[in-house]
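Got your viewer open and a selection box ready? Let's take a short walk through some side chains and see what each one is up to.

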Amino acid sequence: MLAKVKSCAVLGLEGVPIEVEVDISPGMAGIVTIVGLPDAAVRESKERVRAALLNTGANFTTRRLTINLAPADLRKEGPAYDLPIAVGLLLATGQVVADLEDALFVGELSLDGAVRHVSGLLPMTEAARRHGLRRLFCPASDAVEAALIPGVEVYPVPHLAALLDHFNGGPPIAPQQPTIVEDRLSPLEYAADFSLIKGQQHVKRALEVAASGGHNVLLSGPPGAGKTLMARSLPSILPTMSLEESLEVTAIYSVADQLPADTPLVRRRPFRAPHHTISHAGLVGGGRWPRPGEISLAHRGILFLDEMPEFGPLNLEALRQPLEDKRIVISRAAGSLRFPANFMLVGARNPCPCGYYQDPQHECSCSPGLVSKYQKKISGPLLDRFDIHIEVPRVEYEKLSDERLAEPSRAIRARVEAARRQQQGRFEHLPHVICNADMGVGEIRQYCQLERAGQNLLKVAMRQMGLSARGYHRTLKLARTIADLAGSERIETAHVAEALQYRRRE
């Protein structure tokens, strides 16, 4: 007898429908064959399903069993097919009689029949809605995440026995209530606050400008000046994510299996700070079964590279494409996968290996050649992609010992959110542009018009500072953000002058 059950795979960040076909036919007893390009975890599912059915009190077939995962040309991975295979077997043996044409099943089975967590539930649920499936049976631990998607009735399955009872007239499984996002809008807490940063007013101003427009920042200064603390405080002044942004980030973390069990929706903007020893696949994504890397996990948030020159040149140069395209493309023999990568890049570096080059209080132990080599570890094209270059000097004792708190993050965040609201109104008809840093050449031409004095200033600066065409456009975007912070519709000469102060000197 043949039975068909619908399941789902995740390709990149997209759910792809999978049809699980279970056929029982005469033949050598105990032969179980799984076809359809399964990986080792899928091939081992026959043993988990066998034990789960028997320990639940159901019967496992003694005849030849063939399981096909269609389409056959798409590789299948992971244990999420355990539950649909078990349901298909129950249908094929007549232990369950039900119409499951509009239902999708995903879940891993333990040997006692418990249904365990699987990754990627959010894109799977979206795929179910997209293909007109009205019911989703998934692990109980993942039901709140799946219930974020409206239009699909989510059934949390704690155990295979509960599913048998549900279909055979026993106690039904109650559908999961839709996850109401508004119920989870409690005030966010952050690890660091700007009120604890003493001095460094010009650096804090630069970070406020960066947060207002989504611009990339490079912090340079001696050890202990506070570069890392300020970078870790930056999330506390970023605007709260919209629901659409939260769902994008949640989908990435769901596929990467980094979504906390008690956090079905990611509301805090990501802050990723990988160590400089990270592998290339760990940073950009990849592997045999491509998964998002740190670049994609920082989507809609911050990617912080501390001690940036210590990162390998291959990793640093890999940042150039996503910084321009806002996405990362991972190419394999079977095809290419695209992951979103719209993030703020924040880098921190010392002026030399010992950290005290040109420091007035410490003697530098590095030779001139070593200093030059160290500073050239970050290539010119990558440096050109930083909108803001800021020096972080040593903080004096008088400022460190001042017991008064500085301006808190919530006050700065209010100004940042006001500037972002101006940008949202400006770009409401451009879905691909959220903040000033996302503008392309066409949008810059339209929204970054300069008065005559500003044009003359920028003309002189391009010649004296050696600005590239990219540097010219990034200066205009930065000036637009400074004008937004000032509440000005026009970009004035003072805004251009401040933007030029943040540019790298050639």
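Start by selecting Thr179: with a relative accessibility of 12%, Thr179 counts as buried (buried means under 20% relative accessible area, exposed over 50%, and partly exposed in between, using a 1.4 Å probe and protein chains only). Before going on, note that this is a predicted model, where local features need pLDDT of at least 70 and side-chain atom pairs count only at pLDDT 80 or more, while totals for chains, interfaces and linings use all residues. Residues are numbered from 1 along each chain as its sequence is written, and side-chain values use heavy atoms, with hydrogens and water left out.

Now look at the surroundings of Thr179. You are in the loop between helix H6 (160-167) and helix H7 (201-213); helices here are DSSP runs of H or I with at least four residues, numbered from the N terminus. Add Val144 to the selection: its backbone oxygen lies 2.7 Å from a polar atom of the Thr179 side chain. That pair is a polar contact (N or O atoms within 3.5 Å; within protein, one must be able to donate a hydrogen and the other to accept it, and residues adjacent in sequence count only if both atoms are side-chain atoms).

Next stop, charges. Side chains of opposite charge can pair when their charged atoms come close. For a salt bridge, the rule is a side-chain nitrogen of Lys or Arg within 4 Å of a carboxyl oxygen of Asp or Glu, and the model has 27 of these salt bridges.

Select Arg415 and Glu208, whose side chains meet in a salt bridge at 2.8 Å, N to O. Arg415 sits in helix H17 (residues 409-426) and Glu208 in helix H7, so the pair ties together parts 207 residues apart in sequence. Colour by accessibility and you'll find Arg415 partly exposed at 32%, whereas Glu208 is buried at 6%.

Now jump to Glu324, which forms a salt bridge with Arg470, with the closest N and O atoms 3.2 Å apart. Arg470 lies in helix H20 (residues 469-485) and Glu324 in helix H13 (residues 320-325), so this pair links parts that are 146 residues apart in sequence. Arg470 is partly exposed at 28%, and Glu324 is partly exposed at 35%.

Keep Glu324 selected and add Arg474: their side chains also meet in a salt bridge, at 3.2 Å, N to O. Arg474 is in helix H20 and Glu324 in helix H13, so the two tie together parts 150 residues apart in sequence. Arg474 is buried, at 6%.

For the last selection, take Glu324, Asp384, Arg385, Asp387, Arg470, Arg474 and Arg503: salt bridges that share partners join them into one network.
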